[in-house]
Every structure is written in structure tokens, then in C-alpha cells.
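Here are my notes on this model, as numbered points. Please read them with the structure open.

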Amino acid sequence: MTTLKDLSRHLGLSITQVSRALNDHGDVSEKTKLRVRDAAKSLNYEANVLAKRLVTGRSGIVGLVYPVMPDPSDSWYFMKFVAGLSKEFTRLGRQFMLHMADDHHNHLDVYDKLVRSRSLDGFIIMTPQVADERVNFLRSRNVPFVLHGQTMDEPDYPFFDIDNMAVGYELTSYLAEQGHREIAIINGAPGASFVERRFVGYRQALRDHGLPHRPEFEAAGTMTADLGLLETVRLFQSDGPKPTGLIASNLRIAKGIISAVQAMGLRVPEDVAIVAHDDKLPDVSADGLGVPMTTTEAPLGDSWEPLARFLNATLDGAPLSEVQQIGPHKLIERGAGAGFRGAATPETRRAKRA
């Protein structure tokens, strides 16, 4: 079996250089890393996990604790997320484990057992909450972890996220600049940090554009087409003002909004404009919804590589500044709001047709 010493001799590099290249250390050039990885592959080198554990006191295994089986609509994303992380950790010379928790028990007990058993070196945390008890628990045990997102506190931990405040702000501002005065938002599940951050951006944009903030124009729930449909019907059946611009926190919600708006005899975007955030999910696309819809776009698939890299680097002692990143998103204009002709309701729309 090929050893580090064999790789070192083959490449003409020191054992330390080879080891640091295989573990993706920042002080090794990308050219050298690629050369070492190619050689490791061609010589069928595999890290000796048991030997590494004896030397370092670590298992060489990292994990993701998932509290419940994902909803069928999210099965593709969940599979891709797990497969993407596993692939990246394999490339980095670590093993990745998925642990499905029993949703009838306190999930912190699962973390406690795994930490006390020393079977995992670190954790990936998905969908962090505004104040996340998993973060506080792992902090208190000095266990390495990386968040896919952030809490609402000043982050003193590794994370990869997009600027969700900016997402909420940009979508709201886009509608305001098209002349909309009554803007509502249908967001993700309450308690999730990215949801609250989008609400913060939405409210700030309303203030900056001198527009009213109506609490009844804020909705949150599981991000499905049903949520979009039901909340849109609620908004238009209320006794108060009706929105002319609607923000969907993902395209599934947007799909439900479109169904509700069209069922009420309103046109998009002439009567009601819809904008959304696009995670690039496989089952729905902005161009496939049949109406012009401006979106902010940030593919979820762009997150696995930095999450794996940041946890790996954290385990190797990297400074915090090297394991925190706000990833990019972009605004894609498709004309939503450009045809807006003023406020409309199902009643006024029927009157116009008559």
C-alpha cells in the first residue's frame, strides 16, 4: 500500500509538504496541491485513518445530524447536499457521516452522545435558527463546526452564507422603484435565521423608500406552493389594503402565488408583480413559470465545497477570518413590475373587463 513516504519520494517533496497539500492547507500553492493529488490518485494512496487517529486523537470523520426525514419535495436537494458534502470531504481526505436523529428525542442529546463518544471530529449545521442551541452547545464543548448560514448574533464561528438581508432589500427596492406602494412578502419557516434576515432587509427597504410597513403583509411558513397560494388568497380577501407587489422567498412559493393571482382574474405583472429568490431547485425555474419574474439568484449547490473546505480548515487550525464567507448572489431582471398599471383587486379587475 502506498504511504506518505512513498508519495514524498515519488514527488521529491517532504512528507510534511505532501501531508499539508493533501489536507488543503493555505500555505501550499494550488499547483503543488494538484500535483500531489494527481500523484496520490495514480499511486492509489489512501490515508490510514486508524494511524491518523492514533497520532492526532481524531477520528478523521465529520458529520451532519439531521433531525427528521426531509419532506418529499426536498428529497432531491437533501440527496444532493449529502452527496456533495461527501464528495468534497473525500477529496479532502476525511470521511463524512450522516446521522438521522429520532425526532421524538431532544436532538441535543444526539450531539452530546456523538461528542462524548469522540466518534466525530466536527459537524455541519444546516438551517441555523435565530438563536441556535446547537451552536451554543458545540461552542461550550469546544467542538469544531461550520454553519450553512448564520445566527442573528455576530458570528464568531465558521460559516458560509449569502447576504439574506440584501436579498430581502433588493427585491423590495426593485418593486418600489417600479412604482409599487403596497408590497407584501411570503417567507420561509419562522425561526430560521435566513427568514428573519430577509424580513429585516424587506423592512429596511420599505423605510428607505418611504413606504408603509404592514405586519399583515408578512407571512412565513414551509416553503411550498400551498403556502404561496393560501397566503395570497388571505392577503386579497382581507378588509385592508391589497398588495400590488409580492415577494416570494423561493420559486415554489412564487408558483403558488401565481396560481392564486390568476385564479382571482388578475394579471402578472400588469395588476400584481411577483419577484422571488431563486435557489436553483430542480423542480421549478423562473423561466418556466410563465410570467415575467425578476429574481435574486444563488444556487444552493454552490455551498457544499466551501462548507467542507471551511470545516476541514478549522480542524487544521485555520484562523476564523479564513473560514467565514458571504457568497455572491445576483439580481436577474425579467421585467416583473414594468407593466404595472396601478393597484387592482379582483373586483376592480372584473369591472374593467365588463
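1. First, a term. A nonpolar core is a set of buried Ala, Val, Leu, Ile, Met, Phe, Trp, Tyr and Cys residues joined through side-chain atoms within 4.5 Å. Bear in mind that this is a predicted model.

2. The largest nonpolar core has 45 residues. I183, L246, I247, L251, A254, I257 and M293 have the most contacts inside it. Seven elements are worth tracing here: helix 8 (164–177), strand 6 (183–187), helix 9 (193–208), helix 10 (225–237), strand 8 (245–248), helix 11 (251–263) and strand 9 (273–278) each give two or more residues to this core. Helix 11 supplies the largest share, six residues. In soluble globular proteins, nonpolar side chains tend to be buried together.

3. Take L246 as a way into that core. Leaving aside neighbours within four places in sequence, what is L246 in contact with? The list is L175, A184, T232, L235, F236, I257, V261, V272, A273, I274 and V275.

4. Apart from the largest core lies another, of 25 residues. Y66, Y77, L85 and L307 are among them.

5. Now helix 2, residues 15–22. Its buried residues are V18, A21 and L22. Down the helix axis, these buried residues fall within an arc of 95°, so they line one face of helix 2. What do they pack against? Their partners are helix 1 (4–11), helix 3 (30–42) and helix 5 (75–91). Just after helix 2 comes D24, with a positive phi of about 60°.

6. Next, backbone points to check by eye. Most residues other than glycine have a negative phi, and most peptide bonds are trans. R118 has a positive phi, near 60°. This residue sits in the loop between helix 6 (107–117) and strand 3 (122–126). Is R118 buried or exposed? R118 is exposed, at a relative accessible area of 64%.

7. N142 also calls for a look. Its phi is positive, near 55°, and N142 is not a glycine. The loop between helix 7 (133–140) and strand 4 (145–148) holds N142. With a relative accessible area of 70%, N142 is exposed; the cut-off for that word is over 50%.

8. Last, a peptide bond. From V268 to P269 the bond is cis, with omega near 5°. Where is P269 found? P269 belongs to the loop between helix 11 and strand 9. Both of those elements give two or more residues to the largest core.

Definitions and conventions. Residues numbered from 1 in each chain as written. Predicted model: local features only at pLDDT ≥ 70, side-chain atom pairs only at ≥ 80, totals over all residues. Heavy atoms only, no water. Buried < 20%, exposed > 50% of the residue type's maximum accessible area, 1.4 Å probe, protein only. Helix = DSSP H or I, 4+ residues; strand = E, 2+ residues; numbered from the N terminus. Contact = heavy atoms within 4.5 Å. Arc of directions from axis to C-beta.
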